Structure formats: structure tokens, C-alpha cells
Amino acid sequence: MIDGKKVLLSGMQSTGIITLGNYLGALKNWVDLNDDESIQCFYAVMDLHSITVRQEPAALRKNGRILYALYIAAGLDPEKNCLFFQSHVPAHAQLAWILNCYTYMGEMNRMTQFKDKAAKHADNINTGLFTYPVLMAADILLYQADMVPVGKDQMQHLEIARDIAGRFNGIYGDVFTIPEAYIGKNGAKIMSLQDPSKKMSKSDENPNGSILLLDDMDTIMRKFKKAVTDSDGFIAYTDDKPGIKNLIDIYCASTGKTPDETVKEFDGCGYGTFKEAVGESVAAVLKPVQDKYHALIEDKAYVDSLMKENAEKASYYANKTLRKVMKKVGFIELPR
Ligand code: TYM
């Protein structure tokens with residue numbers, strides 16, 4: 001609790017321009033919480049996590065700035081929410097080290113994301129990739145978060161954060177709040193436009209599979225036109241038609257309509273008409289975000305001042321928890 005408010009924490013990696021999946025599955029849900037005065041929200045650019053896969057330094061810097069500006073452009077109010085970079089708060093790495101010593105190899109071995117990423121980056125299976133969920137636990141536990149909004153792909157990591165917190169509390173008393181998953185209004189997992197069995201991802205090798213938040217309107221329409229569907233020729237919301245189902249999910253998340261309403265609306269229409277409507281609905285949602293983004297990214301002084309203020313605010317809360325943890329573990333406090 002901070003000032004009687006519940007604490008919520010989440011974040012995204014800055015490994016590239018975020019996708020429509022990140023936006024509809026996460027960021028848009030965060031923005032919906034802007035006006036909830038009963039919650040104090042922390043949202044970080046998770047740049048420490050990003051280097052578990054090799055990054056070009058200039059690209060990492062650029063993508064971090066872009067993501068930070070996109071948080072604000074999408075509607076996260078920087079006055080109400082604490083928006084910061086993970087690497088600006090050293091306590092994340094410090095707590096992660098400590099928690100590493102309370103986490104078992106067997107637990108990390110079970111993580112499906114590690115297995116997936118290790119298979120994808122066989123030439124760089126580093127220990128950071130292996131202990132990635134411990135850093136994520138540190139992110140969450142440092143702020144004593146009650147709620148963590150994540151998509152289904154991150155649920156296993158949240159579970160392990162809960163286990164680590166419970167284990168630590170079992171040894172040292174009530175140090176950490178045990179976080180709960182928070183499922184936003186729109187929990188849909190957005191799939192690749194080229195392979196609807198895979199989630200839409202920043203790192204997809206096929207650029208037509210993902211809509212990136214800074215894609216221009218023509219590119220958005222072109223990618224939707226190329227979306228993989230089936231040869232049935234009718235619109236229905238069913239698992240047997242994963243391509244169309246995904247397009248319906250995207251349309252619903254963009255317009256606020258339900259799948260039933262959408263199926264009725266496009267009854268008798270061909271896929272071409274439907275794909276165009278989905279593309280237009282997405283373009284309409286992204287256009288104001290992009291306009292705001294382009295204005296914001298020019299204003300370096302303003303963005304820098306926000307980064308600084310918010311890093312200080314986040315550090316205050318993070319250091320409070322870190323001091324408590326270090327004392328419990330038995331480290332000597334630096335004499336004043
Ligand atoms: P990341 O950067 O992969 O994704 C950020 C958020 O976007 C959601 N998401 C999606 N939702 C719907 N459809 C999709 N196709 C899709 N792709 C991604 C993810 O579920 C996530 O909510 N490990 C985290 C970042 C992280 C974090 C944390 C999150 C680091 N520390 C602490 C919460 C709390 C990650 O890689 O997210």
C-alpha cells in the first residue's frame with residue numbers, strides 16, 4: 001500500500017517497437033486504470049531484461065526512448081503513474097541477486113519462455129536468460145505490488161515471483177506483499193497475422209506478422225490485407241478458424257464491440273471487406289497515439305525531466321524495500 005492505495009506494477013521490454021499485441025493486450029488496459037484513484041501504478045521500460053538477447057547499443061537506446069514516449073502517447077498520465085526505466089533504479093539488479101539465492105535451478109528449468117528463447121537463440125543461452133524470471137520477481141516485489149497486469153504468456157513468471165516471495169517471507173517474516181495477476185478488461189492474446197498459432201511478437205522474423213505501433217496507415221492496411229485466413233469464405237468466431245478469430249479479437253479490442261456483434265455486422269461479407277474494416281479500426285486507434293508520440297519525441301528536455309523525476313520516485317520506494325530485505329538477510333548497514 002502507498003498512501004492507502006493498492007500498488008500495481010508492470011512493464012515491457014525495449015527490444016524493438018512494440019506491437020499491436022502489446023498495445024491491445026497490455027498498454028490499453030493500463031491506460032484504462034489512469035483514473036482509478038485507489039491504485040498507485042508503476043510502469044517500467046524493462047531494459048535490463050532486454051539484454052538477455054543480444055542488442056545493438058544504439059538500437060537499445062533508441063527503442064527505450066521510443067517505448068517511454070509511447071507509454072505517454074498511449075495515454076499513461078506521467079503525473080499520476082510512475083513511468084521509469086528499470087536500469088535507472090539499481091535496486092532491481094541488487095534485489096535480483098539476493099532473490100537468485102532463494103530460487104532453485106529446478107524452478108528455472110521449468111520455465112517455458114526460457115526453453116523457447118534458448119531454442120531460438122541457441123548461440124547465446126546466457127545465464128541472464130535463465131534467471132530472467134528472478135529479475136522479474138525483483139521488479140514486482142520491490143514495489144510491494146498487489147497487482148500485476150500481464151498477458152497469459154507471462155503467467156508462469158508471475159507464479160514464480162509469488163513462490164519466491166512466499167519462500168522469503170517463510171524464512172524472514174512478512175517482507176513482501178504476495179502479488180496477484182490482474183486481468184484487464186481486454187485479456188485477448190493477439191496472434192501473428194501470418195501464423196495465427198503464434199503470438200504477435202516484436203521479434204517475429206516475418207514483418208507482415210506484426211503490426212508495429214509506429215507503422216504508417218498504408219502499412220497497417222497492407223498487412224491486414226495480407227493476413228492469413230482460410231478458404232471457407234464466411235465470418236465466424238471459432239477455434240477452427242484461427243485467422244478469422246484473431247481478426248475478430250483485434251476488431252473487438254479496437255472498437256469495444258463483442259464477437260457476436262462483429263459476426264452479425266459482417267454476415268455475408270467477404271474476407272476482403274472484413275480485413276479492410278479491421279485495418280481501419282486499428283488505424284483509427286493508432287493514429288492519435290502516433291500523432292502524440294511524434295510531438296513528444298521531439299521534446300527531449302520534457303521527456304528527460306520526466307525520466308529523472310520518475311526514476312527518483314521509483315528509487316524511493318524500491319530502496320525502502322531493498323533496505324528492509326538487506327537487514328533481514330543479515331547485511332551490515334553502512335554506518336551513518
Ligand atoms: P513483453 O515485453 O514481452 O510484453 C509486454 C506485455 O505485453 C503482453 N503481450 C501481449 N498481449 C497480447 N497479445 C500479444 N501478442 C502479446 N505480446 C505481449 C505481455 O503479456 C506483457 O504483459 N517479462 C515481461 C516484461 C516484464 C514485466 C516485469 C512484466 C519484466 N518485468 C514485471 C510485469 C511485471 C515481458 O517480456 O513482456
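This section describes salt bridges, a charged surface patch, one buried strand residue and two backbone outliers in phi in a predicted model.

Across the whole structure, 14 salt bridges were found. One of them joins the side chains of R167 and E107, with an N to O distance of 2.6 Å. This pair connects distant parts of the chain, as R167 belongs to helix α9 (residues 155-172) and E107 to helix α5 (residues 105-109), with the two positions 60 residues apart in sequence numbering. R167 is partly exposed at a relative accessible area of 24%, whereas E107 is buried at 9%.

Helix α9 also contributes R162, which is paired with E180 of strand β5 (residues 180-182). The closest N and O atoms of this salt bridge are 3.8 Å apart, and the two residues, 18 apart in sequence, again link distant parts of the chain. Both partners are partly exposed: E180 has a relative accessible area of 47%, and R162 has one of 25%.

A further salt bridge, between D304 and K300, has its closest N and O atoms 3.1 Å apart. Here both residues lie in helix α14, separated by 4 residues, or about one turn of the helix. D304 is partly exposed at 26% relative accessibility, as is K300 at 46%. Through shared partners, salt bridges join R65, K300 and D304 into one network.

Helix α14 spans residues 300-329 and also contains K328. This lysine is part of a surface patch of positive charge, in which K320, R323, K324, K327, K328 and R336 gather. The relative accessibility of K328 is 39%, so K328 is classed as partly exposed.

In strand β1 (residues 6-13), Q13 was examined for its surroundings. Q13 is buried, with a relative accessible area of 14%. Apart from residues up to four places away in sequence, its contacts are M46, H49, S50, L67, K117, Y132 and K202. The C-alpha atoms of Q13 and N63 are 9.4 Å apart, although the two residues are separated by 50 positions in sequence.

Most residues other than glycine have a negative phi. D3, which is not a glycine, has a positive phi of about 50°. Q144 likewise has a positive phi, near 55°. D3 is located in the segment before β1 and is exposed, with a relative accessibility of 72%. Q144 is located in the loop between α8 (132-142) and β4 (147-149) and is buried, with a relative accessible area of 14%.

Note on methods: Residues are numbered from 1 along each chain as its sequence is written. This is a predicted model: local features need pLDDT of at least 70, side-chain atom pairs count only at pLDDT 80 or more; totals for chains, interfaces and linings use all residues. Side-chain values use heavy atoms; hydrogens and water are left out. Patches are made of residues with over 30% relative accessible area and no salt bridge: like charges are joined within 9 Å, nonpolar side chains (Val, Leu, Ile, Met, Phe, Trp, Tyr) within 5 Å. Accessible areas come from the Shrake-Rupley method with a 1.4 Å probe; for residues, only the protein chains shown count as cover. A salt bridge is a side-chain nitrogen of Lys or Arg within 4 Å of a carboxyl oxygen of Asp or Glu. Lys and Arg count as positive and Asp and Glu as negative; His and the chain ends are not counted. The place of a charge is taken as NZ of Lys, CZ of Arg, CG of Asp or CD of Glu. Buried means under 20% relative accessible area, exposed over 50%, partly exposed in between (1.4 Å probe, protein chains only). Contact means heavy atoms within 4.5 Å.
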